Amino acid sequence: MRILFIALVIFIGFGFKIKSSDRSASTYSSRSIEELLDKMSLEQKIGQMCQLQGTEGNITKEYLKRIRQGKLGSILNEKDPEVIRQLQKVAIEESVHGIPLLFARDIIHGYKTIFPINIGMAASFNPELVREAASAAALEAYSNGIRWNFGPMVDISRDPRWGRMAEGFGEDPYLVGRLGLAFHLGFTGPDPRKPYMATCAKHFAGYGATEGGRDYNTVSLSDEELYNVHLKPFKLLIDEGISSVMTSFSELNGQPPTGSPWLLSQVLREEFGFEGLVVSDWNSVPEMINHGFAENEKDAAKKAIRAGLDMEMASGTFQQYLEELLEEGRITEADIDRSVRRVLQLKMKLGLFEKPYAQRNAFTNEKAAEHLALAKEMAVQSMVMLKNENNSLPLDVSINHVCVVGPMAHDRYEQLGTWIFDGDTNLSITPLMAFEEYLGHERVHYVKGLKNSRDWGKDQFEEALQAAERSDVILFFAGEESIITGEAHSRAHLGLPGAQEELIKFLSATNKPLILIIMTPRPLAIGTVSEYADALIYAWHPGTMAGPAILDVITGLRSPSGKLPVSFPHTAGQIPVYYAQKNTGRPPTKHSWTHIDDIPQRSFQTSIGNTSHYLDVGFEPLFPFGFGLSYTNFSYSEIQVSQDKYQALDTVVLRASVCNTGDLEGAEIVQLYIRDVVASVTRPVRQLKGFERIHLKAGECREVEFRLSMKDLGFYNIANDFVTEPGLFHAWIGGSSKADLKASFYLKE
Ligand code: GLC
């Protein structure tokens, strides 16, 4: 019987040699990775571990030859769907094993239809809407043949100087985790075991804590902060089965993640149980030479594969040196097979062996219209109103003439923000276009005022003043152009660039109501400039539908409902200023410090308050995490806390009553914060542990309930064990991280 069995296996084995034309989809359904591995040459195995930049419209013989030889596993940034199809056809029909290529792209906040930049989507505090936006982007990309998205970016970013704060979901691990998961599910679809599109948790790990907010720089984090803050969203996504993880450019505690066995093997594989694929960020393998961690490219390749890197993006050290390193016995074939298995598993999970080609007609015109409506809704829910004096907003419908001014008022490209490789600017509707459509051209007086957001010129100031004089209200669209945000674009000064602030001040002298709408993907130091405005709305980079969304909010058709996913500093010198700070041994209070201008001369050394603060800006942010105004008001009362069992789990239940005390209906994002007052490692003064978006009519009240499991109250202790410790907890429920409706509870042993 045994002989018979072996014969059977050999027959099936040779079966793979059949010409591709005779292959049927069913051949692949029984294909096992081990059998495929046995058939592959070493060169072909190494090829699967290589990802190259797309052809950029120039398919060379060398490129095609490499695909025919099965020496390429994945291509990123191939733009043209026909080229994608052509290259895939070569891989399937002309390579010896017909292993399909995996086409990858950065689909960060939309593909053709651009949604608000991620920090803006975070301000919606709406996971379901984020999932829908991601799902829309996935459909658009899938129809072009893209099957692997390099997202979600779940770096915790607490430093607005870092340009990449733009593409994440803010400063809080809980919010970043909830929204990163929603983004992931939007791309994978309901069954992560059969993802519609593969996703990638990036950048592993701690990248958002890059020194001084300077990109690509050193990261030094204690285990306590690394595990309790920066790794939390990654752990959540890994537990939810994300397909891949990308290593970061920076170095973490002395080792570049791309070559760190501690991070990629011990933490990622052993502690977190990740079984997916690890891909390097662009060129980060050879960059280990710059870091001073590898002698040369061959050494970098060895360190990367030994650490646990499976696929090398863009650079060619795997292609060039793995075979040599194997021959020298410095790596093993098992190292290579382990990675190749993960690449093949991902391709099989995506169904690429059965359906390697794009479904070109998936993105219909009807879908395109739906996606634009979704992009508008997300832009509306992303907007955060930070100031509204004398109810300057919503605009009074009797308003006759509107002055639209500022570098961001009418720029179809800049309103999309960074990371919009495939964004279609022809779809963009700018604020100027929307207001002219709504009021008519003759009632809108537009002057750009500055050539761009960085322009220092004042040659348009007078013309802008005349337009303002002819108007009833000034709508000033300020912000940062795309190119001074995002990757590699860190800023030390956080004011509005160029002469924007001067122009705003100049126009405020008209004493006309001035509405300031700021379009940028990071908190700016806008304390002074906001004083010139009667109302202030942070619209982030709102994407394709910026105009219609801003129009609806400014005119009151929709009420602003967004909340800040990041704390705003008074000035760059105040960074870091995130809300979940530790209490310290000398916590500041409103009355425990004296402003530098108010200190009596020759005050005695200890007379002005020895607490942790700045003499010139104090200790409070300009605007706190979770803050955002509405056209109505909400009150919180009757907080209750109880402990019971929910699904057999010990659970803490917290409730409060929320009322809309204003005259207009509105949406409120109710937030729950807790504090573990005493623990074996100090815990933050507040941590977001729940949020819920509710819609209340004028005068309506509703009870909101949150349930916390013991795990929700846990943390990594000094030994890196995840624990929940007994003791006193405080809880707050309210409309921002400054919520003052408080209850306490005691967890028993
Ligand atoms: C970039 C980014 C990374 C992106 C990759 C591919 O440099 O750091 O987020 O996914 O390269 O474009």
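# Why the labels fit: two sheets and a ligand site

Trainee: Which residue of β18 is the bridge partner of Ser 635?
Mentor: Cys 659 is the bridge partner of Ser 635. The model is predicted: local features need pLDDT of at least 70, side-chain atom pairs count only at pLDDT 80 or more, and totals for chains, interfaces and linings use all residues. Residues are numbered from 1 along each chain as its sequence is written, and side-chain values use heavy atoms, without hydrogens and water.

Trainee: What makes β17 and β18 paired strands?
Mentor: Two strands pair if DSSP finds at least two bridges between them. Eleven bridges join β17 to β18 (residues 649-660). The pair therefore passes the test. Its direction is antiparallel.

Trainee: And what makes β17 a strand at all?
Mentor: Strands are DSSP runs of E, at least two residues, and helices are runs of H or I, at least four, numbered from the N terminus. β17 covers 634-646. β17 and β18 form a hairpin with two residues between them. In that turn, Gln 647 has a positive phi of about 55°.

Trainee: What order do the strands take in the sheet with β17?
Mentor: The order is β17-β18-β21, an open sheet of three strands with antiparallel pairing.

Trainee: Why are β17 and β21 said to stand at the edges?
Mentor: β17 and β21 (701-709) each have a single partner strand, so one side of each is left without a neighbour in the sheet. Neighbouring strands are turned by 20° against each other on average, direction ignored. Nine bridges join β18 to β21. Across that pair, Ala 656 stands opposite Val 704.

Trainee: What pairing does the sheet with β5 have, parallel or antiparallel?
Mentor: Parallel, in the order β5-β7-β9, again as an open sheet of three strands. The edge strands are β5 (200-204) and β9 (277-279), and each pairs on one side only. The twist averages 25° from one strand to the next. Four bridges join β5 to β7 (residues 244-247). One bridge partner there is Val 245, for Ala 201.

Trainee: Which helix packs on that sheet?
Mentor: Helix α12 (residues 261-271) touches β5, β7 and β9. Contact means heavy atoms within 4.5 Å. The direction of α12 makes about 135° with that of β5. Axes are lines fitted to C-alpha atoms, for helices over the stretch in contact, and angles run from 0 to 180 degrees between N-to-C directions.

Trainee: How many residues surround the ligand?
Mentor: 13 residues do; the closest are Asp 106, Arg 164, Lys 202, His 203 and Asp 281. The cut-off is a heavy atom within 4 Å. The shell divides into seven nonpolar, one polar and five charged.

Trainee: What makes the approach of His 203 a polar contact?
Mentor: The test is a pair of N or O atoms within 3.5 Å. An N or O atom in the side chain of His 203 is 2.6 Å from an oxygen atom of the ligand, so it qualifies. For Lys 202 the distance to a ligand oxygen is 2.9 Å. For a polar side-chain atom of Asp 281 it is 2.5 Å. Taken alone, the ligand exposes 310 Å², and the protein buries 94% of that. Those areas come from the Shrake-Rupley method with a 1.4 Å probe.

Trainee: What is the peptide bond between Lys 202 and His 203, cis or trans?
Mentor: Cis, with omega about 0°. His 203 lies in strand β5. Another cis bond joins Ile 575 and Pro 576, with omega about 5°. Pro 576 lies in the loop between α22 (546-554) and β17.

Trainee: Why point out such values?
Mentor: Because most peptide bonds are trans, and most residues other than glycine have a negative phi. Asn 253 has a positive phi of about 50° although it is not a glycine. Asn 253 sits in the loop between β8 (251-252) and α12.

Definitions and conventions:
A polar contact is a pair of N or O atoms within 3.5 Å; within protein, one must be able to donate a hydrogen and the other to accept it, and residues adjacent in sequence count only if both atoms are side-chain atoms. Ala, Val, Leu, Ile, Met, Phe, Trp, Tyr, Cys and Pro count as nonpolar, Asp, Glu, Lys and Arg as charged, and the others, Gly among them, as polar.
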